[in-house]
Amino acid sequence: DETITMDPSSTNDAASNARIALFLTSRPNYGHGKLFPATSMNNTNDKKKKKNNNNASSFYREKGVEAARLGICIDLYAVGDGEDIDFGLLHISSMTQLTNGNLRLYNDASSPATCTLSHDLYKQLKSPHAFRGLL
């Protein structure tokens, strides 16, 4: 398993004051952030899966706290194909909340007429951003 390490003692300015865009097309299914579908836990009442999802929630929360401490903003784009997909956003969303990032859900990316992902991404990248600023 690989773990992402964010070192707050690092003086590398490239890592701080950054914006990270994460794209999800399905529920995370590997490593420390692996999530089991909520429907399987409701049917089987599996304690091990529930414990794993709680650990994954803690993992995403810790990564959000580390990123916020470094001045990194995390934007999450969950992209579906028109079917009801359980992305596990309840567990993952703490990363975007703690870093003041955006969480965007696109249920039907297969339809160019209804999916605004490319336009939203363009607007996001084009707009000015202030990091560690005071008003």
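**Exercise 1. Which residues in α2 are buried?**

Work from the predicted model above.

*Solution.*
- Step 1. Locate the helix: α2 covers residues 47-70.
- Step 2. Apply the cut-off: buried means under 20% relative accessible area.
- Step 3. Read off the residues. Asn53, Ala56, Ser57, Phe59, Tyr60, Lys63, Gly64, Glu66, Ala67 and Leu70 are buried in α2.
- Step 4. Recall the geometry. An α-helix has 3.6 residues a turn, so residues three or four places apart point the same way.

**Exercise 2. Check the span of helix α2 against its number of residues.**

*Solution.*
- Step 1. The helix has 24 residues.
- Step 2. Take 1.5 Å times one less than that number. The expected span is 34 Å.
- Step 3. The end C-alpha atoms of α2 lie 35 Å apart, which agrees.
- Step 4. Look just past the helix. Gly71 follows α2 with a positive phi of about 80°.

**Exercise 3. Classify the aromatic pairs of the structure.**

*Solution.*
- Step 1. Count them: there are two.
- Step 2. Take Phe23 and Tyr77. Their ring centres are 5.1 Å apart and their planes meet at 15°. Planes under 30 degrees apart count as stacked, so this pair is stacked.
- Step 3. Place the partners. Phe23 sits in strand β1 (residues 19-24) and Tyr77 in strand β2 (residues 73-79). They are 54 residues apart, so the pair links distant parts of the chain.
- Step 4. Compare their accessibility. Phe23 is partly exposed at 46%, whereas Tyr77 is buried at 1%.
- Step 5. Take Phe59 and Tyr60. Here the centres are 5.2 Å apart and the planes stand at 70°. An angle over 60 counts as edge-to-face, so this pair is edge-to-face. Phe59 and Tyr60 are both buried.

**Exercise 4. Describe the surroundings of strand β2: which strands does β2 pair with?**

*Solution.*
- Step 1. Start with β1. Six bridges join β1 and β2 in the parallel sense. Ile20 has Ile74 of β2 as its bridge partner.
- Step 2. Turn to β3 (residues 103-106). Four bridges connect β2 with β3, and these strands run parallel. Val79 stands opposite Tyr106 in β3.
- Step 3. Sort the side chains. In a regular strand they alternate between the two faces of the sheet. Cys73, Asp75, Tyr77 and Val79 point one way from β2. Ile74, Leu76 and Ala78 point the other way.
- Step 4. Check the cover. Seven of the seven residues of β2 are buried.

Methods
Residues are numbered from 1 along each chain as its sequence is written. Side-chain values use heavy atoms; hydrogens and water are left out. Rings of Phe, Tyr and Trp (its six-membered ring) pair if their centres lie within 6.5 Å; planes under 30 degrees apart count as stacked, over 60 as edge-to-face and the rest as tilted. Helices (H or I, at least four residues) and strands (E, at least two) are DSSP runs, numbered from the N terminus. Buried means under 20% relative accessible area, exposed over 50%, partly exposed in between (1.4 Å probe, protein chains only). Two strands pair if DSSP finds at least two bridges between them.
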